[in-house]
Amino acid sequence: MLRLRTPTVPDWVGAVRDHVDAFLQDHAANERKVSASALQLAVQHPERHPLVDAMVALAREELEHFARVHALLRQRDKGLAQDAPDAYMGALHRLIRKADVHTFLLDRLLVFGIVEARACERFGLLAAGLPDPALRAFYAELTRAEARHHALFVRLAHDVAPGAAVSARLAQLLDAEAEIVAALPVRPALH
């Protein structure tokens, strides 16, 4: 797993535990957005066949996760919520360099890898800390999926740039992500 520079604060699990429905609504929105982002990457880089294949598969898997979270909401007599601004994602997107297509793609892949690593960490915390055994099992399963996803993005980044360049940029982005996480309030949301 990527070495996140700062752990999620323990109060985060309590916030989710106290507002599970709100968390599930946010989680559903995030799964949908990741699926859409994967498809966007595929369409924007049709010449990169391994990337396209990986993103199509990822989009399917994330859409399945979305459907499962939606089903959990329906079981709880809740529906989807309107998308809310995500300060974490906004701050990470501002770190993506746009100097050229190559640099832009590298940074996007690495940022997506970091986002998946943070989700992996947080889903693992939920798998250990939620009182509902069914939700614990669900988040344990998703923890494993997110681990695969963040490894996939980093592996794809190595197809875009030399290893030293990937490692150096990843280190910079991980440092920045730690600062972003430390500055955000604790709330019952994935980010």
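Which residue forms a salt bridge with Glu 61, and how far apart are the closest N and O atoms? The partner is Arg 148, and the closest N and O atoms are 2.6 Å apart. This contact belongs to a predicted model, in which a search of the whole structure finds 10 salt bridges. The model also holds five aromatic pairs, and its largest nonpolar core has 36 residues.

**Salt bridges between separate parts of the chain**

- Arg 148 lies in helix H6 (residues 133-158) and Glu 61 in helix H3, so their salt bridge ties together parts that are 87 residues apart in sequence.
- Arg 148 counts as partly exposed, with a relative accessibility of 47%, and Glu 61 is likewise classed as partly exposed, at 24%.
- Asp 175 is joined to Arg 5 by a salt bridge whose closest N and O atoms are 2.7 Å apart.
- This pair connects distant parts of the chain, since Asp 175 belongs to helix H7 (residues 163-183) while Arg 5 sits in the segment before helix H1 (11-18), 170 residues apart.
- Asp 175 is partly exposed, at a relative accessible area of 39%, and Arg 5 is partly exposed at 40%.
- A salt bridge also joins the side chains of Asp 21 and Arg 76, with an N to O distance of 2.5 Å.
- Asp 21 is in helix H2 (residues 20-44) and Arg 76 is in the loop between helix H3 (49-75) and helix H4 (87-94), so this salt bridge ties together parts that are 55 residues apart in sequence.
- The relative accessible area of Asp 21 is 22%, which makes Asp 21 partly exposed; Arg 76, at 33%, is also partly exposed.
- A network of salt bridges links Arg 97, Asp 107 and Arg 169.

**Nonpolar cores**

- In soluble globular proteins, nonpolar side chains tend to be buried together.
- Within the largest nonpolar core, which has 36 residues, those with the most contacts are Met 55, Tyr 88 and Leu 109.
- Two or more residues of this core come from each of H2, H3, H4, helix H5 (101-129), H6 and H7.
- H5 gives the largest share of the core, namely nine residues.
- Leaving aside residues up to four places away in sequence, Met 55 touches Ala 38, Leu 41, Ala 42, Leu 152, Phe 153 and Leu 156.
- A second core, separate from the largest one, has 21 residues, including Phe 23, Phe 66, Ala 119 and Ala 127.

**Aromatic residues around Trp 12**

- Five aromatic pairs are present in the structure.
- In the pair formed by Trp 12 and Phe 23, the ring centres are 5.9 Å apart and the planes stand at 80°, so the arrangement is edge-to-face.
- Trp 12 lies in helix H1 and Phe 23 in helix H2, and the pair thereby links distant parts of the chain that are 11 residues apart.
- Trp 12 and Phe 23 are both buried.
- Ring pairs join Trp 12 and Phe 23 with Phe 123, Phe 138 and Tyr 139 in a cluster.
- Arg 122 is positioned over the face of Trp 12, at 5.0 Å from the ring centre.
- Phe 23 thus appears both in the aromatic cluster and in the second nonpolar core.

Terms used: Residues are numbered from 1 along each chain as its sequence is written. This is a predicted model: local features need pLDDT of at least 70, side-chain atom pairs count only at pLDDT 80 or more; totals for chains, interfaces and linings use all residues. Side-chain values use heavy atoms; hydrogens and water are left out. A salt bridge is a side-chain nitrogen of Lys or Arg within 4 Å of a carboxyl oxygen of Asp or Glu. Helices (H or I, at least four residues) and strands (E, at least two) are DSSP runs, numbered from the N terminus. Buried means under 20% relative accessible area, exposed over 50%, partly exposed in between (1.4 Å probe, protein chains only). A nonpolar core is a set of buried Ala, Val, Leu, Ile, Met, Phe, Trp, Tyr and Cys residues joined through side-chain atoms within 4.5 Å. Contact means heavy atoms within 4.5 Å. Rings of Phe, Tyr and Trp (its six-membered ring) pair if their centres lie within 6.5 Å; planes under 30 degrees apart count as stacked, over 60 as edge-to-face and the rest as tilted. A charge sits over a ring if NZ of Lys or CZ of Arg is within 6 Å of the ring centre and within 35 degrees of the ring normal.
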